[in-house]
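Here is a friendly walk through the model on your screen. Take a look at it, then read on.

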Amino acid sequence: MAGSVAEGEEDQKKFCLQEVLDAYKMCLSEDKEVSLQHYVTGWRGLVKLLNSLGSVFSFISKDAVNKIQILVALMAGDSGSHYSTVQLMVEYELQNHLVDLTKRGNHPESGCRTLLRLHRALRWLQLFLESLRTSTEDSKTSTMCSEAYNVSLSQYHPWVVRKAAGMAFCMLPGRQEFFAALNVGSTEQAVAVLGEALPLISEVYQVTEELYAQRNLLDLP
Ligand SMILES: CCCCCCCC/C=C\CCCCCCCC(=O)N[C@@H](COP(=O)(O)O)[C@H](O)/C=C/CCCCCCCCCCCCC
């Protein structure tokens, strides 16, 4: 599955916000199990958008792709059946001592740790999208993006990453151009799709946050 030709071609296709929305729609089952496959599909779509915004963002998308690939490899591996949902992954990795809990050691690329990094980024995304959804014509994407980053993901990043991220945000296209890049029609249509996507993303975030909090996994090194 990882790195297949079909997947490579898929990644070349234009970003469409609707695809991301569909992934998050399918992400949660009725009993609130988080599908890892759909979680990863959502991130793949977002990375496609990031790549379309220019090479200045490639240090960010490379890190996201690296984390996506770790999860894809776990899902495709011999223990893949334990990686169909986030809940199963957590149980499996904890029971089998496959997670570095206090300091980095034998399991630097556990599913739990890798997903936690994307989970923290999902909080940034949630805040940024909410800001975009409620923005006005004179709102600046760079300001919305950095404000969302400063109250979420930035606390987990060293100074040099925060600095680089801040510089990259200044290169974001303006609001109109950004909405056009979402490929869902007019600004009004994009705002409507964001309104549909946000509760889904928030619920996935919340369910994951609660699971990680219950299992004391929110500070994995
Ligand atoms: C309707 C959609 C509109 C929104 C478009 C969003 C597109 C975003 C696509 C991808 C977001 C990238 C997610 C980045 C995950 C970062 C995970 C992380 O925190 N990694 C750091 C820690 O990892 P370890 O070292 O512990 O393994 C790593 O150090 C990070 C390195 C790269 C810099 C990360 C900066 C993150 C900024 C997030 C904002 C993205 C800005 C996109 C602007 C549209």
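## The annotated domain

Let's start with the span of residues 34-183, whose end C-alpha atoms lie 27 Å apart in this predicted model. Helix makes up 65% of that span, and strand 0%. An unreviewed UniProt entry gives these residues, 34-183, the feature "domain: Glycolipid transfer protein".

## The nonpolar core

Which residues touch the most other members of the largest nonpolar core? They are Tyr24, Leu36 and Leu71, in a core of 55 residues. Helices that give two or more residues to this core are H2 (17-27), H3 (36-52), H4 (58-76), H5 (86-95), H6 (111-133), H7 (141-150), H8 (159-169) and H10 (187-214). The largest share comes from H6, with eight residues.

Leu71 is a handy place to zoom in. Setting aside neighbours within four places in sequence, Leu71 is in contact with Leu36, Val40, Gly111, Thr114 and Leu115.

## Around the ligand

Now turn to the ligand, which is surrounded by 24 residues. Leu46, Leu50, Asp63, Ala64 and Ala121 are the closest of them. The elements that give two or more residues to this shell are H3, H4, H6, H7 and H8.

Which element gives the largest share of the shell around the ligand? That is H6, with six residues; H6 also gives the largest share of the nonpolar core described above. By residue class, the shell around the ligand holds 20 nonpolar residues, three charged ones and one polar one.

Methods
Residues are numbered from 1 along each chain as its sequence is written. This is a predicted model: local features need pLDDT of at least 70, side-chain atom pairs count only at pLDDT 80 or more; totals for chains, interfaces and linings use all residues. A nonpolar core is a set of buried Ala, Val, Leu, Ile, Met, Phe, Trp, Tyr and Cys residues joined through C-beta atoms within 7 Å. A residue is buried if 20 or more other C-beta atoms lie within 10 Å of its own, exposed if 12 or fewer, and partly exposed in between; C-beta atoms are placed from the backbone. Helices (H or I, at least four residues) and strands (E, at least two) are DSSP runs, numbered from the N terminus. Two residues are in contact if their C-beta atoms, placed from the backbone, lie within 7 Å. UniProt positions are given in the numbering used here, feature names are shortened, and annotations may be inferred rather than shown by experiment. A residue is near a molecule or strand if its C-beta atom, placed from the backbone, lies within 6 Å of it. Ala, Val, Leu, Ile, Met, Phe, Trp, Tyr, Cys and Pro count as nonpolar, Asp, Glu, Lys and Arg as charged, and the others, Gly among them, as polar.
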